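Reader: I should like a close look at a single residue and its surroundings in this model. Please begin with the residue itself and then work outwards through the helix packing and the empty spaces of the structure.

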Amino acid sequence: MHKDDRLVPLVSFCFAPLAVLTAIFGPLLVLFPDSTQNYWAWEIKPAMSTVWLGASYAFGSMAIVTMLAVRKWRAAIVPIIATWIFSLVVCAATLIHLDRFFLGTVNFYVWFAIYILLPVVLPVIWWLNRTHDPGPQPRDMLLSRTIAMAAASVGVVFGLLSLVLVFSPSTAAAFWPWTLTPLMSRIIGAWLLFIVTGLLSMLFERRYIAYRYYLPPAALWFAIFFVASFFHMDNFDFSRPTASIWFALTAIASLSALGSFLLMESRYRAQQSQPLVSIP
């Protein structure tokens with residue numbers, strides 16, 4: 001077995017096109033949320049739903065480029081597992097709501113091809129790459145059990161929310177801060193499951209390198225949510241408590257991701273500066 005921590009070529013073959021597409025359409029969705037009928041696979045309304053998708057794909061672009069640049073399997077395990085779960089839900093949502101899509105268009109075929117192939121290709125990537133994992137290294141910093149349990153607790157809460165969004169869109173629509181269609185409910189639920197998978201992964205994958213490169217993009221992801229929301233205040237139903245909770249949670253999530261990165265990065269750099277002691 002080759003425990004060299006490298007990514008197999010299939011990772012680049014699969015993710016490089018996604019990096020390009022998400023880099024183009026992420027900002028496009030955020031900046032032009034009312035024109036999805038002209039460039040997207042289906043028409044999205046209201047604008048905040050489009051912003052959710054755009055900010056998420058902007059994060060995806062940054063995460064993919066980072067993963068391909070770092071080229072370490074230890075830094076790719078969690079994103080690949082999280083993306084697999086996300087892709088399964090999006091694939092199912094697409095099949096359930098085919099009537100919402102612009103069938104017969106290039107945009108639809110690209111979308112459909114991506115979310116039909118990802119659920120199949122990602123397990124193959126994991127299978128091929130698993131033998132390249134060198135395991136914990138002497139220089140690896142491990143997250144504390146306290147951090148792992150705290151992250152998992154948050155993950156459980158948002159995991160329950162994501163399941164409501166995916167399996168009962170009508171229930172989610174009754175309390176969501178803006179108007180939510182069944183398709184967007186499931187898409188948002190899929191993205192929440194992506195986050196939840198990352199949080200729960202800390203229970204079994206405690207190597208800091210598995211999360212290190214994705215915390216700054218995550219902070220920007222939630223910051224885009226927060227800032228863009230002020231440009232679409234008319235989308236929010238402030239008679240619902242969740243509207244105010246949305247603004248609070250997106251701000252807290254952005255600051256938490258950035259703060260966690262700065263704290264753990266300082267610890268990591270301090271550890272790296274210490275001489276490696278070998279046991280005779």
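Author: I224 lies in helix α9, and the model in which it is placed is a predicted one. Once its neighbours within four places in sequence are set aside, I224 is in contact with V30, A55 and A58. A further relation concerns S254: the C-alpha atoms of I224 and S254 are 9.0 Å apart in space, while 30 residues separate the two in sequence.

The pair I224 and S254 leads to the packing of two helices. The axes of α9 and α10 cross at roughly 155° and come within 8 Å. That angle makes α9 roughly antiparallel to α10, because an angle over 145 degrees counts as such. The crossing of these two helices, α9 and α10, is left-handed. On the α9 side, the contact is made by L215, P216, A218, A219, F222, A223, F225, F226 and S229. On the α10 side, W246, F247, T250, A251, A253, S254, A257, L258, S260, F261 and M264 take part. S254, the distance partner of I224, is thus listed in this contact. By class, the contact of α9 with α10 comprises 16 nonpolar residues, four polar ones and no charged ones.

The surroundings of α9 also include empty space. The largest pocket holds about 1,200 Å³. It is lined by 42 residues, and those closest to the centre are V154, I195, L199, F222 and A253. Two or more lining residues come from each of α3 (47-70), α4 (77-96), α6 (145-167), α8 (182-201), α9 (215-229) and α10 (241-273). Among these helices, α10 gives the largest share of the lining, 12 residues. The classes in this lining are 37 nonpolar, five polar and no charged residues. F222 and A253 deserve notice here: both belong to the contact of α9 with α10, and both are among the residues closest to the centre of the largest pocket.

Two other helices of that lining, α4 and α8, also pack on each other. Their axes are 8 Å apart and form an angle of about 165°. The helices α4 and α8 are therefore roughly antiparallel to each other. α4 passes α8 in a right-handed crossing. From α4, the residues V78, P79, I81, A82, T83, I85, F86, V89, V90, A93 and I96 meet L183, R186, I187, A190, W191, L193, F194, T197, G198 and S201 of α8. This contact of α4 with α8 contains 16 nonpolar, four polar and one charged residue.

What lines the second largest pocket, and which residues lie nearest its centre? The pocket has a volume of about 480 Å³. Its lining consists of 28 residues, with L18, T22, Y57, I114 and Y115 lying nearest the centre. At least two lining residues are supplied by each of α1, α3, α4, α5 and α8, and α5 provides the largest share, seven residues. The lining divides into 24 nonpolar, four polar and no charged residues. The helices α3, α4 and α8 are accordingly named for this pocket and also for the largest pocket.

The second largest pocket leads in turn to the packing of α1 (residues 9-31) on α5 (residues 106-129), at an angle of about 145° and with axes 10 Å apart. The crossing of α1 and α5 is left-handed. L10, V11, C14, F15, L18 and L21 of α1 make this contact with V110, I114, L118, V121, L122, V124, I125, L128 and N129 of α5. The contact of α1 with α5 has 14 nonpolar residues, one polar residue and no charged residues. L18 and I114 appear in this contact as well as nearest the centre of the second largest pocket.

Two backbone features complete the account. D5 has a positive phi of about 70° although it is not a glycine, and D5 is placed in the segment before α1. The peptide bond from K45 to P46 is cis, with omega near -5°; P46 sits in the loop between α2 (36-39) and α3.

How values were computed
Residues numbered from 1 in each chain as written. Predicted model: local features only at pLDDT ≥ 70, side-chain atom pairs only at ≥ 80, totals over all residues. Heavy atoms only, no water. Axes fitted to C-alpha atoms, helices over the stretch in contact; angles between N-to-C directions. Helix = DSSP H or I, 4+ residues; strand = E, 2+ residues; numbered from the N terminus. Left-handed = near helix turned anticlockwise from the far one by under 90°. Contact = heavy atoms within 4.5 Å. Nonpolar A, V, L, I, M, F, W, Y, C, P; charged D, E, K, R; others polar. 1 Å grid on protein atoms, 1.4 Å probe; cavity = no way out; pocket = protein on both sides within 12 Å on 5 of 7 lines; lining within 4 Å. Points joined across faces, edges and corners; volume = space filled by probe spheres on them. Parallel < 35°, antiparallel > 145°, perpendicular 65-115°, else oblique.
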